[in-house]
Amino acid sequence: MHKSWLHPPKYVQQATLISFGGALFGLDTGTIGPLTTMPQFATTFGSLSSTVHGLVVSTILIPAALSSFFGGHLANKVGRLRGIALGAAVFGIGAAVEASSVKLGMLIAGRVVKGIGEGLFLSTCVVYITEISPPRSRGMLASIPQLLTTIGVCSGYFTCYGSVSIASSASWRIPFALQALLAFLFTLSTLLFLVESPRWLAACGRHGEAMKIWEELGIDAAEREKIEEREAGELPEQVKVADLFAVFGKENWRRTALGVFLMGMQQASGIDGVLYYAPLLFASAGLKSSTAAFLASGISALLIFIVTIPAFLFADSWGRKTSSIVGGSAQVLCMFIIGSLYAAGAVRADHGAARWVVIILIYLFALAFSGTWGVCFRVYVSEIQSPKTRAGAASLALSANWVVNWIIAFTTPMFLARSTYGVYFFFGGCTAVTVAVCAVAMPETRGKSLEDIDESFRGHKGMRSRGAGVFELRSMENSDTEGSVEEVRFPTSVKA
């Protein structure tokens, strides 16, 4: 970026504004767990069993998964910005229903509507950023939604910490009402202040409009020439036809499968089990009062936000693969140690050092996730897709993320009620499997243009590690020399 932080290029401003969609997601994540454990919430809706509690928290996720699958194709049809704005408006309506709920069924209905909106806008936000960003800063810019998600989570926890002292039902209604207001403001800002993705416009055959927007965004001429050369051979119809099966085509299924796996296993690490049920986890470790548990949860969210800042700033300096392996290994270690302490009976609710070790390790787990997987997975999944399938494949991957998220959110309170340690071994085991897959099947993309990444997948039918960060890519096309191999080096080490 050539301009100063005080006067950033237009593409940075646009990426930052669209990233506020991540803050909406974070606000819901940070508030729903604490709200459902408030005494005032129980006064309105009655005491919830662990099953019903899990259902209320997780209801948003299945509608989000379903709408997310179609959200990418909606964004292909009507444009990135209209798709995002529609989703944000639906999210706001759902939050307003939640805030005005008088029966538990009404609250659940509000979460269903909210989930539909969330699925429509969230994955498209990252797609939009990857499509307007130059390669040198794409990783950092596409990490802004995650940064703002952590701000949203942190704000949600501390909003609940402040409102829990209100004696009336306003204690849990205010956070929902705040989300509705912010969602409607985000909808308006998206329509009024942002420009459409020039890559989407070019793919629709609107090359003149696309060129004007590239110039307005401040993308340099060399980068525009590469994009124009790549887009010259693309069919204008590619984003006009909502082909739900294109993501599974011959050239796309491997990267689609990789994206779906990574986003699903991101949740199987247990991060949202920790974020949704942090008050329960801290209470089981000895923090019994609602105020103390909410404060500990807020501190965890604040630490997550702090660690996300360097992860965001250095997203284009750290390799995606290295970040995934190192961060995942740290998460495995934290989960296995917590599980072992509970299994050994060392954790006592009223005394002993083990309970403080558990609390610290929960913090460290959340920090390791947010500084690595939370930042790089969504960027990686979006940037490895082809122009034709980027929105659809990213949406499908996010759908998988939400399906697994629903399973985790629904079962975690029941799991904890039956076993204090089993859930930690489960999360650690899932993370260990993901680390192994990243080590053998995740080619590095840092610093490469979207067009170069697409060509590497289009022109080759597989990537396999040959050590020292070198991958062999075997050509899909006929060659005079059978089984010929082109060697491409992908840097996989962290640069100092």
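Two residues are in contact when heavy atoms of the pair lie within 4.5 Å of each other. In the predicted model examined here, this criterion underlies the description of how helix α10 is covered.

Helix α10 spans residues 170–193, a run of 24 residues. At 1.5 Å a residue the expected span is 34 Å, and the end C-alpha atoms are 33 Å apart, which agrees. Its buried residues are S171, W172, P175, F176, Q179, A180, A183, F186, T187, S189 and T190. The elements covering these buried positions include α1, α2, α3 (39–45), α6, α7 and α9. Of these covering elements, α6 contributes E98, whose contacts include W172 and F176, two of the buried residues of α10.

The protein as a whole has 496 residues, of which 58% count as buried. Its secondary structure comprises 23 helices and 3 strands. Among contacts between residues at least 6 apart in sequence, 80% join residues at least 24 apart.

A search of the whole structure gives 8 salt bridges. In one of them, K114 pairs with D28, and the closest N and O atoms are 2.7 Å apart. K114 belongs to helix α7 (residues 104–132) and D28 to helix α2 (residues 20–35), so the salt bridge ties together parts that are 86 residues apart in sequence. Both partners lie under the 20% cut-off for burial: K114 has a relative accessible area of 0% and is therefore buried, and D28, at 1%, is buried as well.

A further salt bridge joins R111 and E98, with 2.8 Å between the closest N and O atoms. This pair links distant parts of the chain, since R111 is in helix α7 and E98 in helix α6 (residues 80–99), 13 residues apart. R111 and E98 are both buried, the relative accessibility of E98 being 0%. The two pairs are not isolated from each other: D28, E98, R111 and K114 are linked in a network of salt bridges.

Apart from neighbours within four places in sequence, E98 is in contact with L107, G110, R111, K114, W172 and F176. The list thus holds R111, the salt-bridge partner of E98, and K114, the partner of D28. E98 and A177 are 79 residues apart in sequence, while their C-alpha atoms are 8.0 Å apart in space.

The salt bridge between E209 and R206 has a closest N to O distance of 2.9 Å. Here E209 is partly exposed, with a relative accessible area of 39%. R206 is also partly exposed, at 35%.

Helix α2, which carries D28, has 16 residues and reaches 22 Å from its first C-alpha to its last, close to the 22 Å expected at 1.5 Å a residue. Of those 16 residues 15 are buried, so α2 is largely enclosed by the rest of the structure.

One neighbour of α2 is helix α9 (residues 144–163); the two axes come within 6 Å and cross at roughly 30°. The crossing is right-handed. On the α2 side the contact is made by F20, G22, A23, F25, G26, L27, T29, G30, T31, P34 and L35, and on the α9 side by P145, L148, T149, G152, V153, S155, G156, Y157 and C160. By class, 11 of the contacting residues are nonpolar and 9 are polar, with no charged residues.

The loop between α1 (10–18) and α2 contains S19. S19 is buried, with a relative accessible area of 0%. Beyond residues up to four places away in sequence, S19 touches I129, I144, P145 and L148. Among these, P145 and L148 also take part in the contact of α9 with α2. The C-alpha atoms of S19 and L122 are 9.1 Å apart, although the two residues are separated by 103 residues in sequence.

How values were computed:
Residues numbered from 1 in each chain as written. Predicted model: local features only at pLDDT ≥ 70, side-chain atom pairs only at ≥ 80, totals over all residues. Heavy atoms only, no water. Salt bridge = Lys/Arg side-chain N within 4 Å of Asp/Glu carboxyl O. Helix = DSSP H or I, 4+ residues; strand = E, 2+ residues; numbered from the N terminus. Buried < 20%, exposed > 50% of the residue type's maximum accessible area, 1.4 Å probe, protein only. Expected span 1.5 Å × (residues − 1). Axes fitted to C-alpha atoms, helices over the stretch in contact; angles between N-to-C directions. Left-handed = near helix turned anticlockwise from the far one by under 90°. Nonpolar A, V, L, I, M, F, W, Y, C, P; charged D, E, K, R; others polar.
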